[in-house]
Amino acid sequence: ASRMETSGADGSSYTDNLIGTLLAIFGNVLVSISLSVQKYSHVTLAGTKDPRAFYRTKTWWCGFVLTCLGEGANFVSYAFAPLALVAPLNAVSVLTSSILGLIFLREKSKPKDFAKRYGLSFLGCIITIGGTYLFVAFGPNSHEKLKAENIVKHIVGWPVLLYLLLEIITFCLLLYFYKQRRANYLVIILLLVSLLGSVTVITVKAVSGMLVLTIEGAMQLDYPIFSVMFVCMVASVVFQAKFLSQACKLHDSCLIASVNYILSTVFAVVAGAVFYLEFKNEDILHICMFLLGSAFCFLGVFLITKNRKRTKTFEPYVTMDMANGVPTIHDKGLVDFNGSFSYGALVNNDGVAPATIPVNMEQPPVSSRSTDASHDLPDLKKD
């Protein structure tokens, strides 16, 4: 009888893991598609004067609905599958975005140039797919119903209290260097994001699990632990988004995507192992294969994001048209109509089509000290 119960429990756990994994994959794919759809809406309306014109388009709202569905599927997936399975599946979002970018590529190039330029992306996609298979196949199969009593038992355990204490101390030290010492390094900012992210995944799994149990008939929302977890979840998400926005202002977005994925996944897996004891009944072989699959995903995401084409910022510089005495502005990169002009060093302007700046040709009054120079001004204007 005990063997049958164990088998039934293992089957139920396997089914729950499968449901959670499929929900996470489905949610990440939907999020990637929604971002592409919304990006298309922004690109098509790039030249309009109204900055909120995309709110009136069907494509943007379609992307918004897909985003809500995708994030909802990700949220529910935490109630069924362990954190160690759900967190690395964010690589599916990066993989899908890369594939969509290659499919809808508008540029026409020779096969050799295309392979040279996007070879790393193809290699990264293959490595990511292989890594995803490995950590899903060998990931932890343990699962428990997240009742309020079980969550409280996890919190009061000494491993969790020690983990939270170390996390709080590390977060305070990093925040001190970031705020007081002005250490705006990418690693420091993303470590702050990842530490908050570990709290986010712990609370999201707890809130999602209690909501699912409530829907199934076992009321869990009237326990104080649900309110505590919900407040911590909202607060961690808000501050996580704040630090991410600051990182995007200071550093390259492709580098942020890869480093943030690696750090967030590592901290999420550690949080699941400490808080929910997800690797308690796993053998060494499964753990090693899981870590190998995660490492493959890290490498694949890094290769995909590394090969993305970086948009050049607007780099104007000013030269003087000696024939007309008119300053001209030259653009070395793409024009950013939302930014302000900044003057750089004087650069050779061979082969660059200048754009003339409107200037007031009337000369200001000249002091008596520069009388000789004032006599030469009309001659320059005539020339």
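Which residues have the most contacts inside the largest nonpolar core? The legends below start there and then work through the other close-ups of this predicted model.

**Figure 1. The whole chain, for orientation.** Before zooming in, here's the overall picture: this predicted model contains twelve helices and three strands. Of the 383 residues in the protein, 36% are buried. Take the contacts between residues at least 6 apart in sequence, and 77% of them turn out to join residues at least 24 apart.

**Figure 2. Inside the largest nonpolar core.** This core has 42 residues, and I151, M210, M229 and Y276 are the ones with the most contacts inside it. Helix 8, residues 186-216, is the top contributor, giving six residues to this core. Apart from it lies another core, this one of 16 residues, including L186, I189, L190 and L195.

**Figure 3. A closer look at M229.** M229 is one of the residues with the most contacts inside the largest core. What does M229 touch once its neighbours within four places in sequence are left aside? The contacts are I151, I155, T203, A206, V207 and F275. I151 is itself on the list of residues with the most contacts in that core.

**Figure 4. Helix 8 from end to end.** Helix 8 is mostly covered, with 25 of its 31 residues buried. Its length agrees with expectation, because 31 residues at 1.5 Å a residue should span 45 Å and the end C-alpha atoms are 44 Å apart. Right after helix 8 comes G217, with a positive phi near 125 degrees.

**Figure 5. The loop leading into helix 8, with R182.** R182 is found in the loop between helix 7 (158-179) and helix 8. Although R182 is not a glycine, it has a positive phi of about 55 degrees. Is R182 buried or exposed? Its relative accessibility is 65%, so R182 counts as exposed.

**Figure 6. The largest cavity.** By the rule used here, there is one cavity of 30 Å³ or more. The volume of the largest cavity is about 80 Å³. A79, F80, H143, E144, K145, L146, G209, V212, L213 and E216 form its lining. Two elements give two or more residues each to that lining: helix 2 (58-80) and helix 8. Helix 8 supplies the largest share, four residues. By type, the lining residues of this cavity split into five nonpolar, two polar and three charged.

**Figure 7. The second largest pocket.** Here the space comes to about 250 Å³. Its lining has 13 residues, and those nearest the pocket centre are Y14, N17, L85, V136 and A137. Helix 1 (2-44) and helix 5 (111-137) are the elements that give two or more residues to this lining. Which helix gives the largest share of the lining of the second largest pocket? That's helix 1, with five residues. Sorted by type, the pocket lining holds seven nonpolar residues, five polar and one charged.

**Figure 8. A84 and its surroundings.** A84 lies in helix 3, residues 83-86. With a relative accessibility of 0%, A84 counts as buried. Leave out residues up to four places away in sequence, and A84 touches P140, V269, E278, F279 and F290. There's also a long jump in sequence to point out: A84 and T265 are 181 residues apart along the chain, yet 8.2 Å separates their C-alpha atoms.

**Figure 9. Helix 11 and the loop before it.** Helix 11, residues 284-306, has 23 residues and reaches 33 Å from its first C-alpha to its last, close to the 33 Å expected at 1.5 Å a residue. Its buried residues are F290, G293, S294, C297, F298, G300, V301, L303, I304 and T305. F290 is also one of the residues that A84 touches. In the loop between helix 10 (253-275) and helix 11 you'll find L277. L277 is not a glycine, but its phi is positive, about 55 degrees. At 39% relative accessibility, L277 counts as partly exposed.

**Figure 10. S98 in helix 4.** S98 lies in helix 4, residues 91-103. Its relative accessibility is 8%, so S98 counts as buried. Setting aside neighbours within four places in sequence, S98 is in contact with S121, C125 and I304. I304 is among the buried residues of helix 11.

Key. Residues numbered from 1 in each chain as written. Predicted model: local features only at pLDDT ≥ 70, side-chain atom pairs only at ≥ 80, totals over all residues. Heavy atoms only, no water. Core = buried A, V, L, I, M, F, W, Y, C linked by side-chain atoms within 4.5 Å. Buried < 20%, exposed > 50% of the residue type's maximum accessible area, 1.4 Å probe, protein only. Contact = heavy atoms within 4.5 Å. 1 Å grid on protein atoms, 1.4 Å probe; cavity = no way out; pocket = protein on both sides within 12 Å on 5 of 7 lines; lining within 4 Å. Points joined across faces, edges and corners; volume = space filled by probe spheres on them. Nonpolar A, V, L, I, M, F, W, Y, C, P; charged D, E, K, R; others polar. Expected span 1.5 Å × (residues − 1).
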